[in-house]
Amino acid sequence: MAPGSQAKLEIAERRCLERGLKLTPQRRQVMALLLEQDDPASAYDLLDALQRRHQPGAKPPTIYRALDFLVAAGLAHRLASTNRYMACGHLACDHGHEAGTLFLVCDQCGAVREAPMDSPLRRQLQRSLKNEGFRVGAQPLEMHGRCERCAS
């Protein structure tokens, strides 16, 4: 397990307990796989890893059920534009995703960054949407472009 992943996994378990949710062994395994990823992963990549390391006979519904739970619990995110999953980058923070989540997706290298909840970009976007009478839901917002490294 990657450095820091164990601590994040314990935070995920604690968050589930606080909310009366159960992080089953299978869900825990999938969460651990997400925490080990440097970049968002497809459900089938995660299924392959789950089969190799924990459950050789696991089928697609197994991974999708676990991912649906983790996303609903706010422990992971699904990027709709790429159909990939990633662990929440702010597990240690006490925040919800009621105002939505902003992801910055690099179209060149595939890197994804979860914009901090208090970023100026996020605040301005929320102000602009409020002025338009529009309220963002929990569905993540994805902005595509090029990261600083790829742009230079």
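This report describes a nonpolar core, an open sheet and a surface patch in a predicted model.

## Nonpolar core

The largest nonpolar core comprises 30 residues. Within this core, the residues with the most contacts are Met-31, Leu-34, Leu-46, Ile-63, Leu-67, Leu-70 and Leu-75. Four helices and one strand, namely α1 (5–18), α2 (25–36), α3 (43–53), α4 (60–72) and β2 (84–87), each supply at least two of the core residues. Helix α2 provides the largest share, with six residues.

## Open sheet

Strands β4, β3 and β5 form an open sheet of mixed pairing, in the order β4-β3-β5. The edges are occupied by β4 (112–114) and β5 (141–145). Each of these edge strands has a single partner strand, so one side of each is left without a neighbour in the sheet. On average, neighbouring strands of this sheet are turned by 20° against each other, direction ignored.

Strand β3 (residues 102–106) pairs with β5 in the parallel sense, over five bridges. Leu-102 stands opposite Leu-141, a residue of β5.

## Nonpolar surface patch

Leu-141 also belongs to a nonpolar patch on the surface, together with Leu-121 and Met-143. The accessible area of these three residues together is about 240 Å².

Leu-121 is located in helix α5 (residues 120–131). The relative accessible area of Leu-121 is 43%, and this residue is therefore classed as partly exposed, a class that lies between the limits of 20% and 50%. Membership of a patch requires over 30% relative accessible area, a condition that Leu-121 meets because its value is 43%.

Methods: Residues are numbered from 1 along each chain as its sequence is written. This is a predicted model: local features need pLDDT of at least 70, side-chain atom pairs count only at pLDDT 80 or more; totals for chains, interfaces and linings use all residues. Side-chain values use heavy atoms; hydrogens and water are left out. Patches are made of residues with over 30% relative accessible area and no salt bridge: like charges are joined within 9 Å, nonpolar side chains (Val, Leu, Ile, Met, Phe, Trp, Tyr) within 5 Å. Accessible areas come from the Shrake-Rupley method with a 1.4 Å probe; for residues, only the protein chains shown count as cover. A salt bridge is a side-chain nitrogen of Lys or Arg within 4 Å of a carboxyl oxygen of Asp or Glu. Buried means under 20% relative accessible area, exposed over 50%, partly exposed in between (1.4 Å probe, protein chains only). Two strands pair if DSSP finds at least two bridges between them. Axes are lines fitted to C-alpha atoms, for helices over the stretch in contact, and angles run from 0 to 180 degrees between N-to-C directions. A nonpolar core is a set of buried Ala, Val, Leu, Ile, Met, Phe, Trp, Tyr and Cys residues joined through side-chain atoms within 4.5 Å.
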